[in-house]
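Work through these short exercises with the structure in view. Try each task before you read its solution.

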Amino acid sequence: MNSGIDAAVLSLAGLGRLNATSCLVEGPAFSADAAALKASGLQMGLHLNFTEAMGQPGLYLPVSKLIIRAYLRRLDADRVRDQIVRQLDRFEKVLGQAPDFIDGHQHVHQLPQIREALLSELERRYAGCRPWLRFTRVRFQPGLSWSLLAKAKIIEFLGAHGFARRARRYGFPLNDGFLGVYNFQGGEASYQTLLSGWLKHAGDGDVLMCHPAAEAMAGDGLGAQRVAEYRVLAGDQAARWMADRGLILA
């Protein structure tokens with residue numbers, strides 16, 4: 001999305017705190033930082049986008065409107081397919097490889113109409129070497145506040161299981177559980193508490209989502225909290241938690 005995010009991703013990769021990064025291929029920094037991302041050794045996935053135009057033509061809607069239209073099946077099927085194809089094409093052209101995994105900006109990959117078109121196109125392209133797909137099933141997290149648990153469950157209920165059923169029919173692998181959902185508030189102290197809990201309850205094959213940035217960029221409403229995430233993830237305490245709990249980034 002911007003150079004501050006890419007700098008954080010590369011730094012955390014070097015520290016051994018990340019094993020994968022999602023690429024918003026229409027973002028202004030993608031091409032500029034692609035070579036460094038590829039050299040980082042991270043898994044690289046397509047962050048499928050239907051909500052942030054970033055100056056590009058296409059089918060981009062506020063996520064609330066996109067959800068409603070998807071569930072009413074009122075999205076233009078041709079435009080949905082074309083947008084998926086365009087973003088996959090760009091990923092392959094810039095990075096010179098197929099994506100290792102697929103997820104979605106604001107989890108749009110799991111919505112009706114989009115998920116059917118996505119899985120069909122992935123099967124057409126990658127039947128011989130299928131990428132893994134993000135499954136937003138909530139990992140049980142004792143002690144998580146009701147408000148944050150509710151947010152995580154809403155994301156799950158908006159399409160996780162319908163997406164997973166279809167993905168399994170095609171033979172695509174999925175992560176097991178999903179962690180990292182919160183309200184993007186509270187600075188470093190709040191994020192440190194949350195991260196400790198997520199790492200404590202993470203299981204084999206889980207994905208822990210994060211949104212770090214080395215600096216807050218102009219126009220990014222989440223910039224300050226992104227920096228807080230980065231500082232916690234890069235800190236010595238995060239390394240100790242991972243070591244103490246025997247966590248390995250696979």
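**Exercise 1. Charges**

Task: State how many positive and negative side chains the protein chain has, and how far apart the centres of the two sets lie.

Solution: This is a predicted model. Count the charged side chains of the protein chain: 29 are positive and 24 are negative. Next, take the centre of each set. The two centres lie 6 Å apart.

**Exercise 2. A buried acid**

Task: Find D6, then say which side chain of opposite charge is nearest.

Solution: Start with the location. D6 sits in helix α1, which covers residues 3-15. Now look at its surroundings. D6 is buried. Beyond its neighbours within four places in sequence, D6 touches A29 and D33. Then search for a partner. The nearest side chain of opposite charge is R226, 9.4 Å away. A salt bridge needs a nitrogen and a carboxyl oxygen within 4 Å. D6 has no salt bridge.

**Exercise 3. The overall fold**

Task: List the helices and strands, then explain why the protein chain counts as compact as a globular protein of its length.

Solution: The protein chain has 10 helices and six strands. Its radius of gyration is 17 Å, and the globule rule gives 18 Å for 250 residues. The two values are close, so the chain is as compact as a globular protein of that length.

**Exercise 4. Inside and outside**

Task: What share of the residues is buried, and what area does the protein chain expose?

Solution: Of the 250 residues, 47% count as buried. The exposed area is about 11,700 Å². Carbon and sulfur atoms supply 53% of that area.

Key:
Residues numbered from 1 in each chain as written. Predicted model: local features only at pLDDT ≥ 70, side-chain atom pairs only at ≥ 80, totals over all residues. Heavy atoms only, no water. Helix = DSSP H or I, 4+ residues; strand = E, 2+ residues; numbered from the N terminus. Rg over C-alpha atoms; globule rule 2.2 N^0.38 Å. Buried < 20%, exposed > 50% of the residue type's maximum accessible area, 1.4 Å probe, protein only. Areas by Shrake-Rupley, 256 points an atom, 1.4 Å probe, with all protein chains shown as cover. Lys, Arg positive; Asp, Glu negative; His and termini not counted. Charge placed at Lys NZ, Arg CZ, Asp CG, Glu CD. Contact = heavy atoms within 4.5 Å.
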